[in-house]
Amino acid sequence: MIQFLGRGVAGLALLLVSYIAVGGMMTATGAPKMRGQLVEIEPGRKLRLVCEGPKSDRPVVWLEAGAFGFAADWGGTQEALTAAGWRSCAYDRAGMGFSPKGPSPRDGIAIVTDFEKLVAASGESGPYILVGHSMAGLRLREYAGRNPEKVAGIVLVDAATPEAAQNPQMQGFIKTFANASKWAARGASLGLYKPLAHTRLGDKIDLPPAAKAEKGWAFANGRHNRVAAEEVGLWKESSDQAAQQPDFDPKWPVAVVTAGPVAGRELRKEMQAGPARRSQHGMVDHVEAASHTLLIGRRFADHIVRAVAFVADAYKKG
C-alpha cells in the first residue's frame with residue numbers, strides 16, 4: 001500500500017479523477033450495507049457478528065481474522081463452508097469494521113475477552129472448531145488455553161505462533177510491520193485511500209461482492225486502520241500473553257494450512273507446522289500457489305474446508 005502511494009502525486013491525482021468520474025461508488029457515509037447483526041456482549045457494548053450456514057450436529061466453525069482483518073475477510077471461506085454444509089461465524093473486533101470501539105489497550109487479552117463474551121452471547125453451542133488466519137494464531141492459543149472445554153479442534157491458516165516472536169528475523173518483521181501500520185492508519189485517516197478502495201488494493205483476498213464492498217470500505221476507513229495499527233503495535237505483548245497459555249492439547253485435532261512455496265522458507269514453514277506436528281491428529285497442507293491473503297479467498301477456500309472436515313472427523317472419532 002505504502003509503496004504504491006509512493007509512486008507520486010500524479011498517479012494519486014489520476015486515480016482521484018477516475019474516482020470522481022464514476023461517482024465515487026460509495027454511499028454518503030462510505031459504508032456499505034452491513035451483513036449480519038450487532039450482538040450485545042455487555043451493557044453498552046456490541047460487536048458485529050456474521051453467522052452463515054445450516055445448524056446441524058456438526059461443530060460450529062468460528063473464524064478469527066488476522067491483522068487489519070474483520071468478518072469480511074472470511075466472505076469467500078464462509079461461502080465455501082456453507083456450500084459444504086458447515087455453519088460458521090465471523091466477527092469484527094472492537095473498533096474495526098462495523099463494531100464500535102472498545103477500551104484500550106487492544107492487546108490479546110482484551111481481544112480474547114471480547115471474543116469469549118461474543119461466543120457466549122451468540123447462542124451457538126460448542127465445542128467449536130477454531131480457525132485463525134495470520135496474527136489470529138495468537139488469539140486461538142489464548143482462547144483455547146482459557147476455554148479448553150469449548151475446543152473441538154484447531155485450524156491455523158498461514159498463522160503466527162507465540163514461539164515465532166522469539167525468532168530474531170520475526171522480531172524484525174514485527175517491528176517493520178508495526179511502523180508500516182502506523183503510516184497506513186495515518187493515510188486512511190487523511191482519506192488518501194478512498195480513491196483506491198475499489199482497486200485491487202481494496203481486496204487482495206478475492207471476496208464475494210458483499211464482503212468485497214465491506215473490505216474496500218474498511219481499507220479506506222480511518223478508525224478501522226487506527227485500531228488495526230494499535231493491535232499490530234501490541235503484537236509482542238499479545239504474543240507473550242498467548243505464550244503464557246499452555247500449548248494446544250495433543251488430543252485436539254490440529255490442521256495447518258500455509259501459503260506459498262516451501263523452498264526458501266523451510267524454517268518459517270516448520271514453525272507454522274509445529275502445532276500440527278505435536279498433535280495426535282495433525283495435518284499440514286502447504287498451498288504453494290496461494291499468497292498470504294489469497295489463501296482465505298474464494299480461489300483457495302476449499303483447502304480450509306478440507307482442513308475443517310479433517311479436524312471434525314478426527315474429533316468425532318475421539
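The exercises below, each with a worked solution, concern pockets, helix packing and backbone geometry in a predicted model.

**Exercise 1. The largest pocket**

Determine the volume of the largest pocket, identify the residues closest to its centre, and establish which helix gives the largest share of its lining.

Solution.
- Step 1. The volume of the largest pocket comes to about 1,500 Å³.
- Step 2. Its lining is made up of 46 residues, and those closest to the centre are Ser 134, Phe 173, Phe 177, His 292 and Thr 293.
- Step 3. Two or more lining residues are given by each of helix 1 (2-5), helix 6 (168-189), helix 7 (209-219), helix 8 (222-233) and helix 10 (266-278); the largest share, eight residues, belongs to helix 6.
- Step 4. Sorted by class, the lining of the largest pocket holds 22 nonpolar, 16 polar and eight charged residues.

**Exercise 2. The second largest pocket**

Find how much space lies in the second largest pocket, and describe its lining by position and by class.

Solution.
- Step 1. The second largest pocket holds about 370 Å³ of space.
- Step 2. Among the 19 residues that line the second largest pocket, Ser 56, Asp 57, Arg 58, Pro 59 and Val 60 are the closest to its centre.
- Step 3. The class count for this second lining is eight nonpolar, four polar and seven charged residues.

**Exercise 3. Helix 6 against helix 8**

Classify the relative direction of helix 6 and helix 8, give the handedness of their crossing, and list the residues through which they meet.

Solution.
- Step 1. The two axes come within 8 Å of each other and cross at roughly 165 degrees.
- Step 2. Because angles over 145 degrees count as roughly antiparallel, helix 6 is therefore roughly antiparallel to helix 8.
- Step 3. The crossing of helix 6 and helix 8 is left-handed.
- Step 4. Helix 6 contributes Phe 177, Ala 178, Ser 181, Lys 182, Ala 184, Ala 185, Ala 188 and Ser 189 to the contact, while helix 8 contributes Gly 222, Asn 225, Arg 226, Ala 229, Val 232 and Gly 233.
- Step 5. By class, this contact consists of seven nonpolar, five polar and two charged residues. Phe 177 of helix 6, which takes part in the contact, is also one of the residues closest to the centre of the largest pocket.

**Exercise 4. Two further helix pairs**

Assign a packing class to helix 3 with helix 11 and to helix 4 with helix 5, and then describe the residues at each contact.

Solution.
- Step 1. Helix 3 (residues 75-83) packs against helix 11 (residues 301-317) at an angle of about 55 degrees, the axes being 9 Å apart. That angle makes helix 3 oblique to helix 11, and their crossing is right-handed.
- Step 2. On the side of helix 3 the contact involves Gly 76, Thr 77, Ala 80 and Leu 81, which meet Ala 301, Ile 304, Val 305 and Val 308 of helix 11; the classes are six nonpolar, two polar and no charged residues.
- Step 3. For helix 4 and helix 5 (residues 136-146), the angle is about 60 degrees and the axes lie 10 Å apart, which means that helix 4 is oblique to helix 5. The crossing of helix 4 and helix 5 is right-handed.
- Step 4. Helix 4 makes this contact with Gly 108, Ile 109, Ile 111, Val 112, Thr 113, Phe 115, Glu 116 and Val 119, and helix 5 with Arg 139, Glu 142, Tyr 143 and Arg 146. By class, the contact has six nonpolar, two polar and four charged residues.

**Exercise 5. Backbone geometry in the loops**

Locate the cis peptide bonds that lead into Pro 105 and Pro 127, and place Phe 68, a residue with a positive phi, among the elements of the chain.

Solution.
- Step 1. Ser 104 and Pro 105 are joined by a cis peptide bond whose omega is about 0 degrees, and Pro 105 sits in the loop between strand 4 (88-91) and helix 4 (108-122).
- Step 2. The bond from Gly 126 to Pro 127 is cis, with omega near 0 degrees, and Pro 127 belongs to the loop between helix 4 and strand 5 (128-133).
- Step 3. Phe 68, although not a glycine, has a positive phi of about 65 degrees, and Phe 68 is placed in the loop between strand 3 (61-64) and helix 3.

Terms used. Residues numbered from 1 in each chain as written. Predicted model: local features only at pLDDT ≥ 70, side-chain atom pairs only at ≥ 80, totals over all residues. Heavy atoms only, no water. 1 Å grid on protein atoms, 1.4 Å probe; cavity = no way out; pocket = protein on both sides within 12 Å on 5 of 7 lines; lining within 4 Å. Points joined across faces, edges and corners; volume = space filled by probe spheres on them. Helix = DSSP H or I, 4+ residues; strand = E, 2+ residues; numbered from the N terminus. Nonpolar A, V, L, I, M, F, W, Y, C, P; charged D, E, K, R; others polar. Axes fitted to C-alpha atoms, helices over the stretch in contact; angles between N-to-C directions. Parallel < 35°, antiparallel > 145°, perpendicular 65-115°, else oblique. Left-handed = near helix turned anticlockwise from the far one by under 90°. Contact = heavy atoms within 4.5 Å.
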